[in-house]
Amino acid sequence: MINEWNVSSSLIELECAWRQHQRKNDENNHVYSTHHLLCFNVRGLDLRWGEVSLLSKQLHTDIIILGEVGHIDLSLINAAFSNYNIFYQAGENPHGGVLILIHKNITVSRLPCSLPNVCVIDIELKHTVRIIGIYAPASKTWNWIDLSSLITDRCMVLGDFNIDIMRDGDKADKLLEWMDACSLSAIIPDTNTSLRSERTIDFAATIGIDLSIQAYEGNTTSDHKPILGIAAGEEFLARTNSRTVWPVFSLMLSYVYEFWMKEWSKENMDVTYENFISFLALLKMRCQHYFTTNNDRPSIPKEFIKMLAQSRSLSFRAKRTGDIELRKVAGRLRNQARYELKCFQNEQLSKQLKERHAPGETSRIFWSKTKRHFKKTSASLKGFFSSTGEIINDPQRMADRAADHYGKRFDAPTVMRPHPYVDTPPMQWENSNELIPPVTYPEILNVLRTRKKKQSLDIHGLSLYTLDKIPKNYWHFLVHLYNDSFTKAYIPKKFKEVRMILLAKKDSVCNPDQTRPISLLDSFLKIQEKLFLNRFRLILKDHGLLPENQSGFREGYRLQTPVLFLIEQIYSYMSNSSPVATVFVDFKSAFDQLWFKRCLGKLGTMGIPTAYINWIRAWLYGRSAIIEIQGKRSKWIKIERGGPQGSSLTPSLFITYHSDMADFFPGATSFFFADDLAAVLAGQIGTRFTSQCIDLEHRLQSFMKQLEYYSILSVQPINYDKTHVMFSARAIKYPDPLPKIKCGDHSVDWIPRFKYLGYWLSTKLGWGNIIDRTCLIVRQRTAMINSFKLNGQYSTRLRRVLFSTFVLPYFT
């Protein structure tokens, strides 16, 4: 590399030479296998085979589990589903029966099972996965324990359980006890699946499978919603792996330091910065070492590998010659190797448990493996619904569709002018001329030390982990860049290029508006944002600009604070025998709707110094992004609205922008956590309950008008579908029906319970709901602990450690 540097006449020539070493991030590295499932209680397949056929084509399903199929015509089913292998298990009466259809490109075998309404098959992927399709009517003649012998370490049970885990008491307890005994984890949709009883009785139980499921909200003629599932796996082929030799990276940067010192002394910092990050990205790539692995082999001592190879060699020779004594010798050698290997693995497990809290590679490997096992990855984005209901799972088509959607969302809003915050004369404050304090070298090093060393790459191929490997003397150049940026209120062009990824908010298959865009900003910009945020927070604190009822993204405030204050306020009103209405307001894509002009105008009226406002203006305007999905990139889109999600500055700017929101609702007690608003209203104290309820209705209508007005004024749309009202009172009987409440032209629903900041609140503020849901989470995590092995080994001590880490916090 030094020779390549010395023989190159220019930086461009060197980069051209290094680009020849560039290797695509090998797409053959991993072959990600996702299988689409459809689970559907059809209530008679002879009536709904056409609906099932249409759903399977729209959703591109690989596996279909149908319950309560009744009488079936196999010749018709074979003709309608010619691309599937069909497996049928009869029921206990003419209305029962389970049918499983597996696409013919999947290797499959059926296991004999005498239980009615239970069909068992194995599909061959990298590992054998067992699928058990069930229909469990109340009159079933078998018990859950009868299925225990069918459960494997990679298994999923799907179908109509005819039990709502959250509402069916003793029946649910028996089912959960069986799941616990089999280390099965319940995977439950977020909405009800029975249209007749409005209960959630169609779901799945899994072990060793990453499965996500959701209820299909389209039209159906059955009284059960179809359940869509995605089983995510990862098949490994012969592949090329790589690792970056970081000591070489750092040494090379030290060698070329003088060159970059001259480059950074030039006036045009935009060009210098662009050349610098391009050089860093190519140097990082040049320092990558590629190696091929045909098979995954555990890291075990060579003597054990040699012993096992010798055993196999002797075994083959004994088979070839028919020598019985040689076969016995090979068997003894194999058993000895296996025993010593098991002892070695147990020693490694004990060592990892002992050193799990000590700094070093051992503890890093231990926690990375355990956290990966408990981290739910099935919520990642797997596809989009098209306008016809078809699932789009091609990454390029998904990226293009998302770019079309977000290109419109990030357009500048159309606002009626004049506007009070935009068109009013600027206000002069005594601190208007206050400058942004300069950045110092030790301050940058302190920020670098405290930032998490994440490896997510920005648009230029750099990450905070890469920045940590840069020699510290290079940060003197960045001190000059950051100070020049604060003084002149400008941002380098490359700072404004964003790589955007999408996360599914709830369902793995959804529409683009149900995703959350995460902006992977320029890595050096992240450091400057943190430096600016420290100064901006100091201004907010010194001038007391943030209200006490705002608890989000503020030092010294916890998430539990607004929850406890909210409960205390409701209790206070209820203790005075007043009816209480709690309004939970959800703002639509809150951070993405930030209106630049009003935000900047409002900061001026709040007394933020001009230098800060000018830098924020430079930071907000001129940004552009590409959307990347599974390595495929969209076109560039302009961002003329919203703060980047993923920036440390966006939340603080957002809560400052909305710091006066509570002033618009004088008749309510408001609690904020970033963009989450909970407003409590109560009827007049000291009158009859009926009069109090009428008064509360008037107050609610007035609040909704004020909310709608604020939404229009701030250009902050309300998500009416997720805005709800909860009624609470000491009275035994509530008004029936509760009054109709409207916000603008939209109706707002009354609800009996609501999940606020992760805590379930009910009308009587009881703890039963949150206890039941916490118990379910504890059961799921305990099942995951029981199925976890570290390097193929497990022990009581390992399970105790995992329990204290991943389960015990739910009891505190």
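**Exercise 1. Classify the two partners of the salt bridge between Glu 628 and Arg 633 as buried, partly exposed or exposed.**

Solution. Glu 628 has a relative accessibility of 14% and therefore counts as buried, since the cut-off for that class is under 20%. The structure examined here and in the exercises below is a predicted model. Arg 633, with a relative accessible area of 40%, is partly exposed. The closest N and O atoms of Glu 628 and Arg 633 are 2.9 Å apart, and this distance satisfies the salt-bridge rule because the limit is 4 Å. By this rule the model has a count of 23 salt bridges.

**Exercise 2. Describe the salt bridge of Arg 43 and Glu 68, and name the network to which these residues belong.**

Solution. Begin with the distance: the closest N and O atoms of Arg 43 and Glu 68 are 3.1 Å apart. This pair links distant parts of the chain, for Arg 43 sits in the loop between β1 (31-41) and α3 (45-59), whereas Glu 68 sits in the loop between β2 (63-67) and α4 (74-80), 25 residues apart. Next, consider accessibility: Arg 43 counts as partly exposed at 32%, while Glu 68 counts as buried at 10%. Finally, extend the view to the network of salt bridges, in which Arg 43 and Glu 68 are linked with Arg 196 and Asp 223.

**Exercise 3. Determine which helices are linked by the salt bridge between Asp 180 and Arg 779, and relate these helices to the negative surface patch.**

Solution. The first step is to place the two residues: Asp 180 lies in helix α5 and Arg 779 in helix α22, so that the pair links parts of the chain that are distant, 599 residues apart. The closest N and O atoms of this salt bridge are 2.2 Å apart. Both residues are partly exposed, Asp 180 with a relative accessible area of 28% and Arg 779 with one of 23%.

The second step concerns the patch, which is formed by Asp 170, Asp 173, Glu 177 and Asp 772. Helix α5, which spans residues 169-181, contributes the largest share of this negative patch, namely 3 residues. Asp 772 belongs to helix α22, residues 768-786. With a relative accessible area of 39%, Asp 772 is partly exposed, and it meets the accessibility condition for a patch because that condition asks for over 30%. Helices α5 and α22 thus appear both in the salt bridge and in the patch.

**Exercise 4. Establish how strand β26 is placed in the structure, and identify the strands with which it pairs.**

Solution. Start with burial: 5 of the 5 residues of strand β26 (residues 724-728) are buried, so this strand is largely enclosed by the rest of the structure. The side-chain directions divide the strand, with His 724, Met 726 and Ser 728 pointing one way and Val 725 and Phe 727 the other way, yet all of these residues are buried.

Turn then to the pairing. Strands of a sheet pair through backbone hydrogen bonds, and the sense may be parallel or antiparallel. Strand β20 (residues 580-586) pairs with β26 in the antiparallel sense over 5 bridges, and within this pairing Val 580 has Ser 728 of β26 as its bridge partner. With strand β28 (residues 746-750), β26 pairs in the parallel sense over 2 bridges, and here the bridge partner of Val 725 is Trp 750 in β28.

**Exercise 5. Work out the strand order of the open sheet that contains β15, and identify its edge strands.**

Solution. The sheet consists of 3 strands in the order β16-β15-β18, and its pairing is mixed. The edge strands are β16 (391-392) and β18 (509-510), each of which pairs on one side only. Strand β15 (residues 383-385) runs parallel to β18, to which 2 bridges join it, and Gly 383 has Val 509 in β18 as its bridge partner.

**Exercise 6. Contrast the accessibility of Phe 811 with that of Leu 333.**

Solution. Phe 811, found in the segment after α23 (796-806), is exposed, with a relative accessible area of 55%. Together with Phe 803, Leu 808 and Tyr 810, Phe 811 forms a nonpolar patch on the surface, with about 380 Å² of accessible area in total. Leu 333, by contrast, lies in helix α10 (residues 324-354) and counts as buried at 16% relative accessibility. From C-alpha to C-alpha, Leu 333 and Leu 314 are 9.2 Å apart in space, with their positions 19 residues apart in sequence.

Terms used: Residues are numbered from 1 along each chain as its sequence is written. This is a predicted model: local features need pLDDT of at least 70, side-chain atom pairs count only at pLDDT 80 or more; totals for chains, interfaces and linings use all residues. Side-chain values use heavy atoms; hydrogens and water are left out. Patches are made of residues with over 30% relative accessible area and no salt bridge: like charges are joined within 9 Å, nonpolar side chains (Val, Leu, Ile, Met, Phe, Trp, Tyr) within 5 Å. Accessible areas come from the Shrake-Rupley method with a 1.4 Å probe; for residues, only the protein chains shown count as cover. A salt bridge is a side-chain nitrogen of Lys or Arg within 4 Å of a carboxyl oxygen of Asp or Glu. Lys and Arg count as positive and Asp and Glu as negative; His and the chain ends are not counted. The place of a charge is taken as NZ of Lys, CZ of Arg, CG of Asp or CD of Glu. Helices (H or I, at least four residues) and strands (E, at least two) are DSSP runs, numbered from the N terminus. Buried means under 20% relative accessible area, exposed over 50%, partly exposed in between (1.4 Å probe, protein chains only). Two strands pair if DSSP finds at least two bridges between them.
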